[in-house]
Amino acid sequence: MFKLSVQCVAPFTFSVCSLSHSSSSFRFSVRATSSRAMASHIVGYPRIGPKRELKFALESFWDGKSSAEELQKVAADLRSAILMQMAEAGTKYIPSNTFSYYDQVLDTTAMLGAVPARYNWNGGEIGFDVYFSMARGNASVPAMEMTKWFDTNYHYIVPELGPDVKFSYSSHKAVLEYKEAKVLGINTVPVLVGPISYLLLSKPAKGVDKSFSLLSLIDKILPVYREVVVELKAAGATWIQFDEPTLVKDLDGHQLQAFTHTYAELESSLSGLNVLIETYFGDVPAEAYKTLTSLKAVTAYGFDIVRGSKTVDLIKQEFPSGKFLFAGVVDGRNIWANNLASSLNTLQELGDIVGADKVVVSTSCSLLHTAVDLVNETKLDQEIKSWLAFALQKVVEVNALAKALFGQKDEVFFSANAAALASRKSSPRVTNEAIQKAVSSYQDFQFGSFT
């Protein structure tokens with residue numbers, strides 16, 4: 001089970017002051033602390049719910065068994081619970097607008113009003129009817145294409161764009177969810193799919209020449225991004241996160257120049273905000289790293305340290321002075337407990353390079369790609385549970401590492417983690433000597449036949 005003892009509720013800048021881990025439970029108490037001492041961040045969080053509440057609510061709504069208001073209530077309750085859990089764990093930089101009824105790229109299509117003509121949208125705020133028609137189709141027209149979200153098992157709805165698309169600010173979801181969190185006393189980091197990644201993940205609409213340059217639309221979508229930024233600033237946002245995962249791809253010079261152009265164009269609108277550009281799913285190539293770290297409007301850079309060993313080398317070679325490094329050391333794509341000792345060593349090495357007060361402990365990507373909460377796995381035995389960490393447990397790991405980085409290491413928690421890792425490594429469930437010997441004998445036979 002998960003037990004919380006909270007000594008101070010506002011303003012949701014917390015430190016985990018006692019963390020203990022067993023195979024079946026996490027227990028921690030939370031106290032207020034200085035912002036410097038809790039430099040932690042979560043890229044994103046699963047939206048389905050610990051017991052798949054969103055899935056069931058969506059299916060009920062699609063089947064006509066519940067109303068839009070009932071679906072929205074389930075969604076709001078899930079968002080509130082997620083925010084509170086991250087705050088109670090001590091997370092300093094808590095994301096908002098990572099919740100979605102379908103996927104974050106479709107949400108961006110709605111924000112930009114980039115609705116294909118076949119859905120007969122007549123303008124105004126996009127509602128469930130148009131949104132779900134794009135995602136699932138309806139009796140009259142098919143859905144938009146769905147494709148894999150990079151190399152994950154998740155998918156996204158591919159935007160259909162062309163020179164005649166009229167972009168307009170048509171979904172205020174990012175601002176509404178920021179305000180929703182603020183009512184709870186939590187000043188979140190609103191997250192937007194970055195404008196360049198949005199265009200690079202799109203395709204030419206039907207009837208548009210396949211050679212059409214999607215990046216030629218950048219100056220048409222930036223006015224909408226500016227409107228969103230202005231509203232977020234007016235609502236009180238102090239940070240904003242742009243997810244630009246396409247930076248891990250092999251981009252050409254023209255595409256990299258588009259990044260420079262885009263954030264230069266947004267610079268005046270972003271004035272007064274701390275800007276985080278988040279990357280994930282792999283190494284950022286050297287030229288892309290150079291482009292990214294040269295952006296003047298940017299305060300912080302988020303990197304996947306789990307899959308990005310070459311990126312770590314680039315950081316060691318050069319990192320812009322005075323900027324923040326959001327170091328994604330907790331794997332957002334698996335279900336295994338983090339090697340806390342190894343991660344802490346990596347963080348300390350990075351702190352020696354960029355400055356310990358400029359390192360923020362983060363996840364390698366959104367936790368969307370892992371299960372929600374280990375507490376619901378009631379049929380797993382204690383040994384296997386001790387090896388695992390789902391999304392909520394990974395939030396705890398991030399904050400335990402943030403504490404340790406600033407000299408507040410919870411020795412009990414770290415020792416339990418080391419014991420769990422050792423248990424997994426030596427367990428006959430993982431290491432079967434008979435199978436190892438059989439494989440070794442087979443390999444000897446195979447190689448021996450050629451000698």
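**Close-up 1. Helix H11 has an exposed side and a buried one.** In this predicted model, Lys 310 and Gln 317 are exposed on one side of H11. Turn to the other side of the helix, which runs from residue 309 to 317, and you meet Thr 311, Val 312, Leu 314 and Ile 315, which are buried. Those four cover an arc of only 160° around the axis, so they end up on the same side of H11. An α-helix has 3.6 residues a turn, so residues three or four places apart point the same way. The cover over the buried residues of H11 includes helix H10 (286-292), strand E12 (300-304), strand E13 (324-330) and helix H12 (340-354).

**Close-up 2. Helix H12 also keeps its buried residues to one side.** Here the buried set is Leu 340, Ser 343, Leu 344, Leu 347, Leu 350, Gly 351 and Val 354. They take up an arc of only 125° around the axis, which puts them on the same side of H12. Over on the other side, Ala 341 and Asp 352 are exposed. What do the buried residues of H12 pack against? Their partners are H11, E13, E14, H14 and helix H15 (411-426). The length of the helix checks out as well: at 1.5 Å a residue, its 15 residues should span 21 Å, and the end C-alpha atoms of H12 are 21 Å apart, which agrees. Just after H12 comes Gly 355, with a positive phi of about 105°.

**Close-up 3. Seven strands line up in an open, parallel sheet.** Follow the strands across and the order is E4-E8-E10-E11-E12-E13-E14, with parallel pairing. At the edges sit strand E4 (95-96) and strand E14 (359-363), each of which pairs on one side only. Strands of a sheet pair through backbone hydrogen bonds, either parallel or antiparallel. Within this sheet, strand E8 (residues 189-193) and strand E10 (residues 239-243) run parallel and are joined by three bridges. Look for Leu 192, which stands opposite Phe 242 in E10.

**Close-up 4. Strand E14 is an edge strand, yet its residues are buried.** E14 pairs on one side only, and its neighbour is E13, paired in the parallel sense over five bridges. Leu 325 stands opposite Val 359 in E14. Is E14 enclosed or open to the outside? Five of its five residues are buried, so E14 is largely enclosed by the rest of the structure. Val 359, Val 361 and Thr 363 point one way from the strand, Val 360 and Ser 362 point the other way, and all are buried.

**Close-up 5. Leu 405 of helix H14 touches residues from H12 and E14.** Leu 405 belongs to helix H14 (residues 391-405). With 14% relative accessibility, Leu 405 counts as buried. Setting aside residues up to four places away in sequence, Leu 405 touches Leu 344, Leu 347, Gln 348, Val 359 and Val 361. Take Val 361 as one of these: Leu 405 and Val 361 are 44 residues apart in sequence and 8.8 Å apart in space, C-alpha to C-alpha.

**Close-up 6. Aromatic rings pair up, and some charged ends sit over them.** The whole structure holds 21 aromatic pairs. One of them joins Tyr 93 and Phe 326, a tilted pair at 5.3 Å centre to centre with 50° between the planes. Tyr 93 lies in the loop between helix H2 (68-88) and E4, and Phe 326 lies in strand E13, so the pair ties together parts that are 233 residues apart in sequence. Both Tyr 93 and Phe 326 are buried. Elsewhere, one aromatic cluster takes in Phe 61, Trp 62, Phe 99, Tyr 101, Tyr 102, Phe 128, Tyr 131 and Phe 132. Arg 79 lies over the face of Phe 99, at 5.0 Å from the ring centre. Another ring, that of Phe 150, has the charged end of Lys 249 over it, 5.1 Å from its centre.

**Close-up 7. Two asparagines in loops take a positive phi.** Most residues other than glycine have a negative phi, and most peptide bonds are trans. Asn 97 has a positive phi near 65°, and you will find this residue in the loop between E4 and helix H3 (104-112). Asn 120 comes in at a positive phi of about 55°, in the loop between H3 and helix H4 (128-136). Which of the two is buried and which is exposed? Asn 97 counts as buried at 14% relative accessibility, whereas Asn 120 counts as exposed at 61%.

Key. Residues numbered from 1 in each chain as written. Predicted model: local features only at pLDDT ≥ 70, side-chain atom pairs only at ≥ 80, totals over all residues. Heavy atoms only, no water. Buried < 20%, exposed > 50% of the residue type's maximum accessible area, 1.4 Å probe, protein only. Arc of directions from axis to C-beta. Contact = heavy atoms within 4.5 Å. Pairing = 2+ DSSP bridges. Phe/Tyr/Trp six-rings, centres within 6.5 Å; stacked < 30°, edge-to-face > 60°. Lys NZ or Arg CZ within 6 Å of the ring centre and 35° of its normal. Expected span 1.5 Å × (residues − 1).
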